[in-house]
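Biologist: Could you take one strand and walk me slowly through what surrounds it? I'm new to this, so please keep it friendly and show me how that part fits with the rest.

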Amino acid sequence: MNKIAAVQANSKLANSKLAKSKKASQEVSARDLTATSLRAQLAPQAVIANDAGPRPERALQFLAQEKPATPCLVVDLDVVERKYAALQAALPQAEIFYAVKANPAPQILGRLAAAGSSFDTASSGEIRSALETGAAPDRISFGNTIKKPADIAWAHGIGVNLFAFDAIEELRKIAAHAPGASVYCRILVEAEGALWPLNRKFGCVPEMATELLIEARELGLVPVGVSFHVGSQQLDPSQWDRAIAAAKSVFDGCAKAGVTLNMIDLGGGFPAEYAPGVAGIEAYGAAISDAITRSFGQTWPRLIIEPGRYMVADAGVIEAEVLLVSRKSSSEERRWVYLDIGRFGGLAETEGEAIRYRVEALDTVATATGPVILAGPTCDSADILYDKANYRLPLDLKAGDRVRLHSTGAYTTTYSAINFNGFDPLKAYFI
Ligand SMILES: Cc1ncc(COP(=O)(O)O)c(C=O)c1O
């Protein structure tokens with residue numbers, strides 16, 4: 001019998017609340033949902049059924065038939081392609097630049113290139129991976145605001161012409177090593193409602209962005225626009241509102257100095273379905289379209305989006321093995337469950353228990369569950385996946401049982417350490 005265990009007791013009550021709030025969430029428009037209410041909906045709160053989240057069927061079939069050694073990730077490429085199509089339909093005016101960092105497997109990049117995607121890259125390595133799909137350099141942006149001069153020169157030399165920056169020093173680097181290139185400035189925005197915020201490290205305030213874009217022209221570059229990222233796994237579609245208004249203020253400031261901008265890069269942030277209650281991608285498309293119209297009227301700038309997580313997370317499932325179930329004392333109710341995958345094997349986004357994967361126990365028969373602390377196999381005590389999140393797993397779970405971690409197609413393989421404690425990097429299959 002299979003059971004997906006997500007967390008906390010009082011499950012009947014929580015389940016009925018969850019069902020009611022899910023129905024209610026379909027009835028109110030996404031813009032009415034505050035980040036707080038969304039977060040409350042998404043807080044793990046019940047033992048949920050097998051069909052409670054996306055199930056990449058072909059990947060599950062592969063696991064059942066091939067029984068590959070664990071731990072491993074299986075990604076269903078058809079799901080990736082369907083996600084691309086759904087996002088394109090939700091926001092048809094935007095050009096999709098897939099954020100390669102989410103999962104740079106050539107199989108994924110190839111599928112997306114064939115579907116028409118362009119690519120947002122963070123390094124020369126990612127640019128090479130994008131080029132290997134046959135994508136022309138004009139379908140690649142160098143979106144990292146922190147670049148090596150040699151990488152800027154190399155990228156420009158092979159035809160990449162779109163570069164991000166958020167500081168004068170970076171702008172001067174681009175002017176020196178990619179003369180005449182098109183540049184866009186990343187602005188700081190709020191990331192309320194994001195489970196994996198990206199707001200502090202990148203971007204500058206809109207006033208500084210205006211000055212820098214004007215300076216870009218003086219440096220012989222072509223200032224084209226503004227970018228931002230409202231935070232990854234952004235649960236509140238209305239978060240793009242303020243960011244788009246801030247971008248418009250930069251457009252206006254530049255226009256006063258005779259610099260015409262024509263592009264907004266709306267970043268990533270579109271969510272995976274780690275838990276029920278996530279607004280559909282159509283709600284994101286509608287909220288963003290409304291916000292653009294409010295700021296720009298009928299004359300929209302060129303729009304770029306850089307989805308990573310949305311595109312690949314739900315397409316992937318990790319199968320792992322239970323190595324040990326133990327208690328620290330005979331009076332303690334909570335069991336420690338150690339898996340053959342942990343923080344260093346690809347599950348880095350469990351840091352702070354921010355991203356909470358659905359965990360399914362495969363080989364148990366008990367229907368009753370009890371509280372667990374989930375941990376990885378390495379000798380590092382930071383290698384604990386979930387302690388505070390109140391996960392529950394079947395009471396008869398034992399060493400040797402297999403578990404599945406769902407929606408794990410994004411930000412897993414590339415985070416897995418090469419040989420920490422002698423463990424191999426996470427093996428992945430793309431079908
Ligand atoms: C510049 C940039 N664009 C896009 C993304 C992808 O974001 P997400 O996975 O939330 O869609 C990231 C994530 O780190 C990013 O840094």
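**A close look at strand 9**

Modeller: Let's start with strand 9, residues 222-227: five of its six residues are buried, so the rest of the structure largely encloses this strand. Keep in mind that this is a predicted model.

Who are the strand's partners? Strand 7 (residues 182-186) runs parallel to strand 9, and five bridges join the two. If you want a spot to click on, Y184 stands opposite G225 in strand 9. Strand 9 also pairs with strand 11 (residues 263-265), again in the parallel sense, this time over three bridges. G225 turns up here too, with M263 as its bridge partner in strand 11.

Now try V183. Skipping its neighbours within four places in sequence, V183 is in contact with V222, P223 and V224, among others. Its contacts also include F163, F165, L171 and I174, along with A216 and L221.

That brings us to the nonpolar core. In soluble globular proteins, nonpolar side chains tend to be buried together. The largest core in this model has 122 residues, and V183 is one of those with the most contacts inside it, as are V226, F163 and I174. V75, I187 and A247 complete that group. Helix 10 (residues 239-256) gives this core its largest share, eight residues. Domain 1 (3-72 + 313-430) and domain 2 (77-311) both contribute residues, so the core lies between them.

Let's zoom out for a moment. The chain holds twelve helices and 19 strands, and 51% of its 431 residues count as buried. Take the contacts between residues at least 6 apart in sequence: 75% of them join residues at least 24 apart.

Helix 5 (residues 106-115) is a good next stop. Its buried residues include I108, L109 and R111, and L112 and A113 are buried as well. What do the buried residues of helix 5 pack against? Their packing partners are strand 2, strand 3 (94-99) and strand 19, plus helix 4 (77-90), helix 6 (124-131) and helix 12 (309-312). After helix 5 comes G116, with a positive phi near 110°.

Strand 2 leads us to a loop worth a look. P71 sits in the loop between helix 3 (57-66) and strand 2 (72-75), and a cis peptide bond with omega of about 0° joins T70 to P71. K67 is in the loop between helix 3 and strand 2 as well, and its phi is positive, near 45°, although K67 isn't a glycine. Both features stand out because most residues other than glycine have a negative phi, and most peptide bonds are trans. K67 is exposed, with 10 other C-beta atoms within 10 Å.

For another positive phi in a residue other than glycine, go to S407, where the value is near 60°. S407 lies in the loop between strand 18 (402-406) and strand 19 (427-430). Is S407 buried or exposed? S407 has 25 C-beta neighbours inside 10 Å, so it counts as buried.

T70 also shows up among the contacts of E321, which, leaving out neighbours within four places in sequence, touches L339, D340, G400 and R402 too. E321 belongs to strand 13 (residues 316-326). With 19 C-beta neighbours inside 10 Å, E321 counts as partly exposed. Look at K398 as well: E321 and K398 are 77 residues apart in sequence, yet their C-alpha atoms are 9.7 Å apart in space.

L339 is part of strand 14 (residues 335-339), which runs parallel to strand 16 (residues 369-375) with four bridges between them. W336 has I373 as its bridge partner in strand 16. Strand 16 is also joined to strand 17 (residues 384-394) by six bridges, and that pair runs antiparallel. There, L374 has Y386 in strand 17 as its bridge partner.

Last, find the ligand. There are 17 residues around it, and A99, S232, G268, G308 and R309 come nearest. By type, the shell divides into six nonpolar, seven polar and four charged residues.

So, back to your strand: strand 9 has five buried residues out of six, strand 7 pairs with it through five bridges, and strand 11 through three.

Conventions:
Residues are numbered from 1 along each chain as its sequence is written. This is a predicted model: local features need pLDDT of at least 70, side-chain atom pairs count only at pLDDT 80 or more; totals for chains, interfaces and linings use all residues. A residue is near a molecule or strand if its C-beta atom, placed from the backbone, lies within 6 Å of it. Ala, Val, Leu, Ile, Met, Phe, Trp, Tyr, Cys and Pro count as nonpolar, Asp, Glu, Lys and Arg as charged, and the others, Gly among them, as polar. A nonpolar core is a set of buried Ala, Val, Leu, Ile, Met, Phe, Trp, Tyr and Cys residues joined through C-beta atoms within 7 Å. A residue is buried if 20 or more other C-beta atoms lie within 10 Å of its own, exposed if 12 or fewer, and partly exposed in between; C-beta atoms are placed from the backbone. Domain bounds come from an automatic or database domain assignment. Two residues are in contact if their C-beta atoms, placed from the backbone, lie within 7 Å. Two strands pair if DSSP finds at least two bridges between them.
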